[in-house]
Structures are given as C-alpha cells and as structure tokens.
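This report introduces a single protein chain to a reader who has not met it before. The sequence and the structure are shown first, and the description follows.

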Amino acid sequence: MANSADTGLADVVDTTISVITNDGRNIVGILRGYDQATNLILDDCFERVFSTKAGVEQLELGLYVIRGDNIAVVGEVDDDLNRQIDFSTIRAAPLKPVNH
C-alpha cells in the first residue's frame, strides 16, 4: 500500500519529465528530487515557449525548482520520440493560466 504522502513521482526520478505550471508554462527537465509538498528539482531543464507565429522556442533554465502549488500536470517524456520531433516547425497557441 502506498504512503498517503506518496506523490507517485518515485518511479520517474532521474528521468525526463514535462511539467505544465498553473501559469501555462511548459518546463522540461530531468527530475532530480521532490518533497512531500511536490516541490520539484529539475536539472538540465528548459522552457518550451509556444507561438502561433514561430516555432517552439526552447529557453535554457539549467537547474530549476518548481513549487508544488504551481504545478498543474507532470508527465514522463519519451526521450527517443522527443529527439525525433522538429519543434521549429510546430505552431501552437500558448497555454492559458489555470483559473481556480
């Protein structure tokens, strides 16, 4: 039985994840750690900035901490599939912030 404080992130430590934040940002990086409040530590990370006029811009962030109360979605990234995508050709509207 899982601990009631278990976030389900133990299986993805040291793997690449994508985080969608409450303010609509998409941050991708290697999950190095987390705590009971779901604060995340990401390494080698970058933000994907979407636009309807230009391809996806990837801004290097390096080592980054995301507060747990600012996380909307966490997902595992398939590194092989991710390498095959040409993000410079993708056009998409930026995500809107989450409204509570």
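## Isoleucine 90 and its surroundings

Isoleucine 90 is found in the segment that comes after helix H1 (79–84). The model described here is a predicted one. Because its relative accessibility is 27%, above the 20% under which a residue is buried and not over the 50% required for exposed, isoleucine 90 is classed as partly exposed. Leaving aside residues up to four places away in sequence, isoleucine 90 touches Phe50, Ser51, Ala54, Gly55, Val56 and Ile85. Lysine 53 is separated from isoleucine 90 by 37 residues in sequence, while the C-alpha to C-alpha distance between the two is 9.6 Å.

## The sheet

Five strands form an open sheet in the order E4-E3-E2-E1-E5, and their pairing is antiparallel. Strand E4 (57–66) and strand E5 (71–76) are the edge strands, each of them pairing on one side only. From one strand to the next, the twist averages 25 degrees. Three of the pairings are set out below.

| Strand pair | Sense | Bridges |
|---|---|---|
| E3 and E4 | antiparallel | 8 bridges |
| E1 and E2 | antiparallel | 5 bridges |
| E1 and E5 | antiparallel | 5 bridges |

Individual residues illustrate these pairings. Glutamate 47 has leucine 59, in E4, as its bridge partner. Isoleucine 20 stands opposite asparagine 26 in E2, and valine 19 stands opposite valine 74 in E5. The hairpin of E1 and E2 has 4 residues between the strands, and within this hairpin glycine 24 adopts a positive phi near 90 degrees.

## The nonpolar core

In soluble globular proteins, nonpolar side chains tend to be buried together. The largest nonpolar core of this model consists of 11 residues: Leu9, Val12, Ile17, Val19, Ile27, Leu31, Leu40, Leu42, Cys45, Ile66 and Ile71. At least two residues of this core are supplied by each of strand E1 (16–21), strand E2 (26–34) and strand E3 (40–49). E3 gives the largest share, with 3 residues.

Strand E1 is itself mostly covered, as 5 of its 6 residues are buried. Which residues does valine 19 touch, not counting those up to four places away in sequence? The contacts of valine 19 are Arg25, Asn26, Ile27, Leu40, Leu42, Ile66, Ile71, Val73 and Val74. Valine 19 is thus a member of the core and also stands opposite valine 74 in the pairing with E5.

Conventions:
Residues are numbered from 1 along each chain as its sequence is written. This is a predicted model: local features need pLDDT of at least 70, side-chain atom pairs count only at pLDDT 80 or more; totals for chains, interfaces and linings use all residues. Side-chain values use heavy atoms; hydrogens and water are left out. A nonpolar core is a set of buried Ala, Val, Leu, Ile, Met, Phe, Trp, Tyr and Cys residues joined through side-chain atoms within 4.5 Å. Buried means under 20% relative accessible area, exposed over 50%, partly exposed in between (1.4 Å probe, protein chains only). Contact means heavy atoms within 4.5 Å. Two strands pair if DSSP finds at least two bridges between them. Axes are lines fitted to C-alpha atoms, for helices over the stretch in contact, and angles run from 0 to 180 degrees between N-to-C directions.
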